[in-house]
Amino acid sequence: MKKRFNVLKFILVFILILPLLISWIPSHCFEKITPEILKEGNYIDLLFASFKELSLTLITTLIFAMLISILLGYLSVLSMKVGRFFSNIMNGIESVPSILIALFCYAPVSGVLARSKGNASEWVSLMVFVLAATATTLPEAVRSITIPLSDLYNRKYSVSFRSYGFPKRRILSVLMKTDLMLDTIKRVAAGILLKTLVLDTSFGFVIQVGFGTYGTPAHLSPGALIAANRGILLGFATEGNPLFFWLPSLFLITISVAFLIILNDNKEVA
C-alpha cells in the first residue's frame with residue numbers, strides 16, 4: 001500500500017512540473033492545438049521561453065547550491081572552528097532579503113548587460129542570478145544538512161566506529177550515505193528549488209515593473225511575463241487578455257506545489 005502511495009505521489013509531482021518539461025519542446029509543435037488567443041503577440045513563444053529559462057535556472061542553481069551545501073555541511077561537522085566560521089557568514093547572508101542580494105549581485109555587471117545583446121547578455125544574466133540564488137539558499141541548506149549529520153555522528157553506534165580507530169572524516173562519509181541523510185538531502189534539494197523559484201519570479205517581476213520592455217538586466221522569467229501582462233487586470237491597458245496573466249501564474253503554483261510535496265515528504269528512518 002505504501003509503495004502504491006509513493007507511485008501515485010511520484011505521478012502527481014511529475015504532472016505538476018510538466019510546464020517545465022514541456023517548455024523544452026519547440027512551441028510550434030503545439031501550433032495545431034494552441035488556442036488562437038495564445039498566438040497573439042507571440043505570447044506562446046514568450047511563455048515557452050520563460051519557463052525554459054526558469055527550468056535552466058532551477059537545474060543550474062540546484063547543482064551548484066547542493067554541491068556547496070553538502071561540502072560545507074560535511075566540513076562544519078568535521079571541524080567546529082570551520083563550522084563556527086561558516087555559521088557567522090551564513091547568519092550575515094540570511095539577515096539580508098534575497099531580492100536585495102540578487103539586485104546587489106547584478107549591480108557590478110548591469111552596465112555590461114545593458115551594452116551586450118543576444119546570448120552573451122542572457123548567459124551573464126543567468127550566471128549572476130544563479131550566484132545570487134545560491135547565496136540566498138545556502139544558509140538553510142547547510143543548516144539542514146549539518147544538524148542531522150552532527151546528530152548521527154554523536155549517536156552510540158558512531159562511538160563504536162571511533163573505538164575501532166576510524167577517523168572522523170571516514171565516519172562522516174559513511175553517515176552521509178545513510179537513508180536519513182539521503183532523505184534529508186532530497187528535501188534540501190526541494191527547498192532550494194522552491195526558494196529559487198520564488199526569487200526568480202519576484203526578481204523577474206521587479207525588473208519588468210522597474211524597466212519595462214527595456215529591462216536591464218535582461219532576466220527572462222515567468223515573473224516578468226506576469227508583470228508585463230498585469231495592465232489588463234489593473235485597468236491601465238486596453239489590449240491583452242487576463243489569460244496572459246493567469247496562465248503563467250497557474251503554472252508557477254503547480255510547480256511550487258510539486259516542490260512542497262517533496263519538501264514535506266518526511267520518511268521515518270530508523
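Helices (H or I, at least four residues) and strands (E, at least two) are DSSP runs, numbered from the N terminus. The legends below use these element names.

**Figure 1. Overview of the predicted all-residue model, with 13 helices and zero strands.** The model is predicted, and local features need pLDDT of at least 70, side-chain atom pairs count only at pLDDT 80 or more, and totals for chains, interfaces and linings use all residues. Residues are numbered from 1 along each chain as its sequence is written, and side-chain values use heavy atoms, with hydrogens and water left out. From the N terminus on, the elements run α-α-α-α-α-α-α-α-α-α-α-α-α. Of the 270 residues of the protein, 40% count as buried, where buried means under 20% relative accessible area, exposed over 50%, and partly exposed in between (1.4 Å probe, protein chains only). Contact means heavy atoms within 4.5 Å. Among the contacts with a separation of 6 or more, 73% are accounted for by residues 24 or more positions apart.

**Figure 2. Close-up of A135 in helix α7.** With a relative accessible area of 19%, A135 is buried. Leaving aside residues up to four places away in sequence, A135 touches I93 and I101. The C-alpha atoms of A135 and S98 are separated by 8.5 Å, although these residues are 37 residues apart along the chain.

**Figure 3. Close-up of L126 in helix α7 (residues 119–153).** L126 has 3% relative accessibility and therefore counts as buried. Residues up to four places away in sequence not being counted, L126 touches E53, L56 and T57. From C-alpha to C-alpha, L126 and L56 are 8.7 Å apart in space, and they are 70 residues apart in sequence.

**Figure 4. Close-up of L21 in helix α2 (residues 18–22).** L21 is partly exposed, its relative accessible area being 40%. A distance of 8.1 Å separates the C-alpha atoms of L21 and K52, which are 31 residues apart along the chain.

**Figure 5. The buried residues of helix α5 (residues 98–106).** The residues I101, A102, C105 and Y106 of α5 are buried. These residues cover an arc of only 135° around the axis, and so they lie on the same side of α5. The arc is that of the directions from the helix axis to the C-beta atoms. An α-helix has 3.6 residues a turn, so residues three or four places apart point the same way.

**Figure 6. The buried residues of helix α9 (residues 168–175).** In α9 the buried residues are I171, L172 and L175. Their arc around the axis is only 95°, which puts them on the same side of α9.

**Figure 7. Contact of helix α3 (residues 43–78) with helix α4 (residues 80–94).** Two packed helices are described by the angle between their axes and the distance between the axes. Axes are lines fitted to C-alpha atoms, for helices over the stretch in contact, and angles run from 0 to 180 degrees between N-to-C directions. The axes of α3 and α4 come within 5 Å and cross at roughly 130°. The two helices are therefore oblique to each other; angles under 35 degrees count as roughly parallel, over 145 as roughly antiparallel, 65 to 115 as roughly perpendicular and the rest as oblique. From α3, L72, L75, S76 and L78 take part in the contact, and from α4, M80, V82, G83, F86 and M90. The contact residues comprise seven nonpolar, two polar and no charged, where Ala, Val, Leu, Ile, Met, Phe, Trp, Tyr, Cys and Pro count as nonpolar, Asp, Glu, Lys and Arg as charged, and the others, Gly among them, as polar.

**Figure 8. Contact of α3 with α9.** The axes of α3 and α9 come within 10 Å and cross at roughly 140°, which makes α3 oblique to α9. Y74, V77 and L78 of α3 form the contact with K168, R169, L172 and S173 of α9. By class, these residues are four nonpolar, one polar and two charged.

**Figure 9. Contact of α3 with helix α13 (residues 242–263).** The axes of α3 and α13 come within 11 Å and cross at roughly 25°, and the two helices are therefore roughly parallel to each other. On α3, Y43, L47, F51, L54 and L58 meet L243, F244, L247, P248, F251, L252, I255 and F259 on α13. This contact has 13 nonpolar, no polar and no charged residues.
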